[in-house]
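Thanks, everyone; I would like to take a few minutes to walk through one helix and then some salt bridges. Please have the sequence and the structure open while I talk.

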Amino acid sequence: MEVIDGQWYMNGLDWEDDGCIHSSSELLSVIDKVGFLPLFSNSVPGFSVEEMTCPSYWWCGDEDVDPWEWRGVLARTGKVAYGKFFGNKAGFISKKWFPYFVNFRRSGYDFDALYDEGKAGYREKLLMDLFVPSGVDMWDVKVSALPALGLSPELYTHEMKEKAGFGKGGEKNFEGVLSKLQMQTYLVVKDFKPRQNKKGIEYGWAVAIMTPPEYLWGYKHVTGRYKESPEESLFAIEKQIRKHFECDEKTLRKFLK
């Protein structure tokens, strides 16, 4: 998106253009091919869902043609991860390529190790403790067994904010901390659903539901590139982008980091 004379404009293609993506299934095929794709335009020309879709259909509310609605559609498939992975902005990463981002962004640290080394703050820990409390080897526990342990495999963002003590009179910068944990690949968006009142009736806009990626794909898969250096994983990501888009190394590295 860009601002012209104070107005926001979407970049994109005409619906009849041969390169235009028309459905969530077509988008999934592109993500599988490229490996990862930001939602909106950025410093790498052409490297976004925005630039591959028709601007007229964004935010129309029709799940069949609205790229904004495809976020939830694809997140629910379990075939891609969705979250703020690109400069604190949203995008998709395929299941195949997610371990490369995990190794590059985490530098081989599971969250508990990151915190123990003093490389994560207490506010990040407040949120991660909702899913992975200290002293529990979560990756040996089946997701179905989590409720019996008093743990949540997934939570609405507003639930996380409340349970972790953020908000009025509490901890600050919830959105910033949540974005950081997504950038570091410790949390991803599993779905978007409206809130529910006490009677179980849905209301309002759809809200993101968060989960650790290990609960989607298993610890072994998510950490599958830990055996290589973070720089090797970064190089593989850069090489993959250059297969499909033109960008100089300096711009690309700045964008990814």
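**Helix H11 and the salt bridges**

In this model, which is a predicted one, helix H11 spans residues 249-256, and Leu252, Phe255 and Leu256 within it are buried. These three cover an arc of only 90 degrees around the axis, which puts them on the same side of H11. In general, an α-helix has 3.6 residues a turn, so residues three or four places apart point the same way. What does the buried side of H11 pack against? Its buried residues pack against strands S3 (36-38) and S4 (80-86), and also against helices H3 (98-106) and H10 (230-242). On the face turned away from that buried side we find the exposed residues Lys250 and Lys254. At the start of H11, a side-chain oxygen of Asp248 comes to within 3.2 Å of the backbone nitrogen of Lys250.

Turning to the salt bridges, the count comes to nine. One of them involves H11 itself: Arg253 pairs with Glu231, with the closest N and O atoms 2.7 Å apart. Glu231 lies in helix H10 and Arg253 in helix H11, so this pair ties together parts that are 22 residues apart in sequence. Glu231 is partly exposed, at a relative accessible area of 41%.

Arg106 and Glu214 form another salt bridge, their closest N and O atoms being 3.0 Å apart. Here Arg106 sits in helix H3 and Glu214 in helix H8 (residues 213-217), so that distant parts of the chain, 108 residues apart, are linked. Arg106 is buried at 3% relative accessible area, and Glu214 likewise counts as buried, at 7%. Finally, Glu63, Arg76 and Asp191 are joined in a network of salt bridges.

Key: Residues are numbered from 1 along each chain as its sequence is written. This is a predicted model: local features need pLDDT of at least 70, side-chain atom pairs count only at pLDDT 80 or more; totals for chains, interfaces and linings use all residues. Side-chain values use heavy atoms; hydrogens and water are left out. Buried means under 20% relative accessible area, exposed over 50%, partly exposed in between (1.4 Å probe, protein chains only). Helices (H or I, at least four residues) and strands (E, at least two) are DSSP runs, numbered from the N terminus. The arc is that of the directions from the helix axis to the C-beta atoms. Contact means heavy atoms within 4.5 Å. A polar contact is a pair of N or O atoms within 3.5 Å; within protein, one must be able to donate a hydrogen and the other to accept it, and residues adjacent in sequence count only if both atoms are side-chain atoms. A salt bridge is a side-chain nitrogen of Lys or Arg within 4 Å of a carboxyl oxygen of Asp or Glu.
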